[in-house]
Each structure stands twice: as C-alpha cells, then as structure tokens.
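Colleague: Could you take a close look at one part of this model for me, the aromatic pairing and what surrounds it? I'd like one connected walk-through rather than a list.

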Amino acid sequence: MRAARAIDQEINQYLPRLSDQQKEAVLSVVKTFAAERKDWWDEISKEQQDAIDKSLAEMKAGKVVSQDEALKKHKKWLKK
C-alpha cells in the first residue's frame, strides 16, 4: 500500500507541470484503464455462475466435507 501512495505522490508532483491539453490526455488514458477493469464474475459463463451459486448454497446449508474426510474416503484412488 505504501508503494501506491508513493506513486500517487509522484503523479501529483508532475500534474502542475502539464498544460491543460496534456492533462486532458492523461485523464483520457486513466479513464481508459479504469474502464478496462472488469469483474471476473461478468467474464464467466452463466453455467459457471450457476455452479458457483449452487456450491455456495450447499455450503451455507452445511453440505460440506472437509479435505481430510475426502482424502480418507477416496484414499484408494490417490495411491501412486
């Protein structure tokens, strides 16, 4: 987080040196970067979203098995 603050401070040091036209260009680039940030949820298919929602509902309903339990139950398939 400290590095982000240092970057912000450095950017702020340069802004007063720029003309209004240059500031508009910088703002345009920043807006483009900000618009490119997408939520991964919107990038996955509806089927994947449904599968995640189903899994979360099962988890909330207590339908979960610990990793240790799963390993014990399926030990025979895990042999090398």
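Modeller: Sure, with one term settled up front: a residue is called buried under 20% relative accessible area, exposed over 50%, and partly exposed in between. Keep in mind, too, that this is a predicted model.

Now the aromatics. Searching the whole structure turns up 1 aromatic pair. The partners are Trp40 and Trp41, arranged edge-to-face, with 5.6 Å centre to centre and 80° between the planes. Those two values are given together because a pair of aromatic rings is described by the distance of the centres and the angle of the planes. As for the label, planes over 60 degrees apart count as edge-to-face, and the Trp40–Trp41 planes are at 80°. The two partners fall into separate exposure classes by the cut-offs above: Trp41 has 25% relative accessibility, so it counts as partly exposed, while Trp40, at 54%, is exposed.

Let's move along the chain from there. Helix α3 spans 40–43 and α4 spans 46–60, and Ser45 sits in the loop between them. Ser45 comes out at 29% relative accessibility, so it is partly exposed. For a sense of distance, take Lys75, which is 30 residues away from Ser45 along the chain: their C-alpha atoms are 33 Å apart.

On to α4 itself. Lys46 and Asp50 are both in this helix, 4 residues apart, or about one turn. Their side chains meet in a salt bridge, 2.9 Å from N to O, and the count for the model comes to 1 salt bridge. Lys46 has a relative accessible area of 53%, so it is exposed; Asp50 has 36%, so it is partly exposed.

Helix α4 also holds Met59. This residue is partly exposed because its relative accessible area is 46%. Met59 joins Leu56 and Val64 in a nonpolar surface patch of about 270 Å².

Back to aromatic rings for a moment, this time with charges over them. Arg17 lies over the face of Tyr14, 5.0 Å from the ring centre. Lys76 does likewise with Trp77, at 4.7 Å from the ring centre.

So, to come back to your request: the pair to look at is Trp40 with Trp41, edge-to-face, and from there you can follow the chain through the loop at Ser45 to the Lys46–Asp50 salt bridge.

Technical notes: Residues are numbered from 1 along each chain as its sequence is written. This is a predicted model: local features need pLDDT of at least 70, side-chain atom pairs count only at pLDDT 80 or more; totals for chains, interfaces and linings use all residues. Side-chain values use heavy atoms; hydrogens and water are left out. Helices (H or I, at least four residues) and strands (E, at least two) are DSSP runs, numbered from the N terminus. Buried means under 20% relative accessible area, exposed over 50%, partly exposed in between (1.4 Å probe, protein chains only). Patches are made of residues with over 30% relative accessible area and no salt bridge: like charges are joined within 9 Å, nonpolar side chains (Val, Leu, Ile, Met, Phe, Trp, Tyr) within 5 Å. Accessible areas come from the Shrake-Rupley method with a 1.4 Å probe; for residues, only the protein chains shown count as cover. A salt bridge is a side-chain nitrogen of Lys or Arg within 4 Å of a carboxyl oxygen of Asp or Glu. Rings of Phe, Tyr and Trp (its six-membered ring) pair if their centres lie within 6.5 Å; planes under 30 degrees apart count as stacked, over 60 as edge-to-face and the rest as tilted. A charge sits over a ring if NZ of Lys or CZ of Arg is within 6 Å of the ring centre and within 35 degrees of the ring normal.
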